[in-house]
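Q: I have a two-part chain on screen and want to read it feature by feature. Where do I start?

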Amino acid sequence: MTTLAVHNPATGAKITDLPADTAASVADKAAKARAAQPAWASMPIAQRMACIAKFREGVVRELESLATTMTRETGKPIKMSRNELNGLLGRIDFFLQQAQAATATETVFDEGGMTEQIQRTPLGVVANISAWNYPWFVGCNVILPALLTGNAVLYKPSEYAAMTGLAIARLLHEAGVPQDVMACLVGTGEVGSALLAQDIDGVFFTGSVATGRKIAQAVGGRFIKLQLELGGKDPSYVCEDADPKAAAESLADGAMYNTGQSCCSVERIYVHEKIHDAFVAAFVEAVKGLQAGDPMSDSTYIGAITRGPQLDVLDAQVADARAKGATLLVGGQRGPGPGNWYQATVFSNVNHGMELMKEESFGPLIGIQKVSGDAQAVQLMNDTRYGLTAGVYTPDGQRARALLAQVKAGSVYWNCCDRVSPRLPWSGVGDSGVGLTLSVDGIETFTRPKAWHLRAA
Ligand code: NAD
């Protein structure tokens, strides 16, 4: 039997060997999903909504053990695991509130015996290939609206969050979603690759740019829907009229929350020269106050690095910054093993010749660059191939809006950061991806608008 070994990144210890999928089992699940989807789609939407509402009850009932599972397999601090699951409840509520209206047939013209309508039909069978860093969020952003709109879902969770992926599928099945309509595929990228070879109507991917590119190539020419939610190098600019301490505390959290392993982690900070030194001092103090340690402890803020190979990326970015003259203010090394640990690390005197200001770090590492004013800040914020989020800190709302209007990013923040709302579309520009999830658009994206031209005889 093929298996997938699951390790605890905080200790390096093996947790379990999960039965894994093979090319044959992937093909079997895809064929079953194809056969089961029409009956699911023809159910009244209220019945599908009832299943998702029951799924929500399951999440609430099992929240503590689901949080523990996620923390064990990803190294996410337990409080943040609970936060993710509690945050998921708000997303479910949003989907349930909006699903009916978002999928209702709309009459857009009705005159002289001619009626025009737009009907929202499901795409059919969709593949969801997902990431590990917020496995409940990124998995459910696709799975729940896809199911509500009548699709069958072939869900390939990350190999670093496979136990969580199986828990999502189990709770959906227990809530009444048929096994064949919602299948979980366990395995590494090979299983993801096998999934892409099936007869599917859409691919919804969350993960790295490198894998996103492979996926786009694999389905290129097949004319199926493709959405890619990829990485970022998200900037924030602190203006000279901002409160340096308040901005530093907010941005330290934005850079280090989830051990810096968020797609919308703050990854670059630009500070006006007039308050640069005060900001840096407050930022370093805030970072020094973040407790690293056992992810299962309630007082832990910095947890483990989920993927071992990312430690090499962090080491290389730190070495590059040091070699090019950056000032290391705190951290700068791996933490003691066993397990995958990296110290919260802050550099100042950085510039765009350094990797840590150009390439996604995806860890507790941040560079702070001094700028002379708004024009330079905007130019540097836009000096990137990514465009997921960007923020500005200033008490002046007009100034913030004027600055953020010039920044290329899917989401922009005034006096906040690292924030996702179910009510707003989540999307990126450039290498941060194509398509979107969340918001009403993020429900409609799982449907095909069918145009009806109806003339009464
Ligand atoms: P990854 O690209 O390594 O893996 C993502 C998924 O793709 C996994 O399930 C993996 O098994 C699968 N996969 C790997 N190779 C494949 C192939 N050839 N064909 C099909 N599937 C394949 O990414 P990751 O490490 O899981 O996630 C981290 C990345 O995700 C970061 O870059 C982060 O910024 C990004 N991310 C983006 C968002 C967003 O909303 N934009 C959200 C979360 C994470």
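The dialogue below moves from the domains to the ligand, then to single residues.

Q: What kind of model is this?
A: It is a predicted model.

Q: Which domains does the domain assignment give for the protein chain?
A: Start with the bounds. Domain 1 covers 3–229 + 431–455, and domain 2 covers 234–419. Domain 1 is therefore written as two segments, with domain 2 numbered between them. The C-alpha centres of the two domains are 31 Å apart.

Q: How do I read the size of the interface between them?
A: The size of an interface is often given as the accessible area lost when the parts come together. Here domain 1 and domain 2 bury about 2,100 Å² between them. Carbon and sulfur atoms account for 58% of that area. Three residues stand out on the domain 1 side: Met80, Trp132 and Ser432. They supply 25% of the area that domain 1 buries against domain 2, more than any other three residues.

Q: How many residues of each domain are in contact?
A: Count each side separately. Domain 1 brings 23 residues, and domain 2 brings 27.

Q: What polar links should I look for between domain 1 and domain 2?
A: Look at polar contacts, then at charge pairs. There are 14 residue pairs in polar contact between the domains, both residues being at pLDDT 80 or more. The salt bridges between the two domains number 2. Arg82 and Asp298 form a salt bridge, with their closest N and O atoms 3.0 Å apart.

Q: Which element gives the most to the side of domain 1 that touches domain 2?
A: Map the touching residues onto the helices. Both α3 (63–74) and α4 (78–103) supply at least two residues of that side. α4 gives the most, with 5 residues. By class, the domain 1 side divides into 9 nonpolar, 9 polar and 5 charged residues.

Q: Which residues come nearest to the ligand?
A: List the surroundings, then pick out the nearest. There are 31 residues around the ligand. Lys156, Glu159, Ser208, Thr211 and Glu360 come nearest.

Q: Which side chains have an N or O atom facing a ligand oxygen at short range, and at what distances?
A: Take the pairs in turn. A side-chain N or O atom of Glu159 is 2.6 Å from an oxygen atom of the ligand. For Ser208, the distance from a side-chain N or O atom to a ligand oxygen is 2.6 Å. For Trp426 it is 2.8 Å.

Q: How many salt bridges does a search of the whole structure find?
A: The search finds 25. One of them joins Asp199 and Arg34, at 3.1 Å from N to O. Check the sequence distance too. Asp199 sits in the loop between α7 (189–196) and β8 (202–206), while Arg34 is in helix α1 (residues 23–42). They are 165 residues apart, so the pair links distant parts of the chain.

Q: Where should I check the backbone for a cis peptide bond?
A: Read omega. The bond from Gly337 to Pro338 is cis, with omega near 0°. Pro338 belongs to the loop between β12 (327–330) and β13 (345–348).

Q: Which residue has a positive phi although it is not a glycine?
A: Read phi next. Asn415 has a phi of about 55°. Asn415 is in the loop between β16 (411–414) and β17 (426–427).

Notes: Residues numbered from 1 in each chain as written. Predicted model: local features only at pLDDT ≥ 70, side-chain atom pairs only at ≥ 80, totals over all residues. Heavy atoms only, no water. Contact = heavy atoms within 4.5 Å. Buried area = accessible area lost by both parts, 1.4 Å probe. Salt bridge = Lys/Arg side-chain N within 4 Å of Asp/Glu carboxyl O. Polar contact = N/O pair within 3.5 Å; in protein donor to acceptor, adjacent residues only side chain to side chain. Helix = DSSP H or I, 4+ residues; strand = E, 2+ residues; numbered from the N terminus. Nonpolar A, V, L, I, M, F, W, Y, C, P; charged D, E, K, R; others polar. Near = heavy atom within 4 Å.
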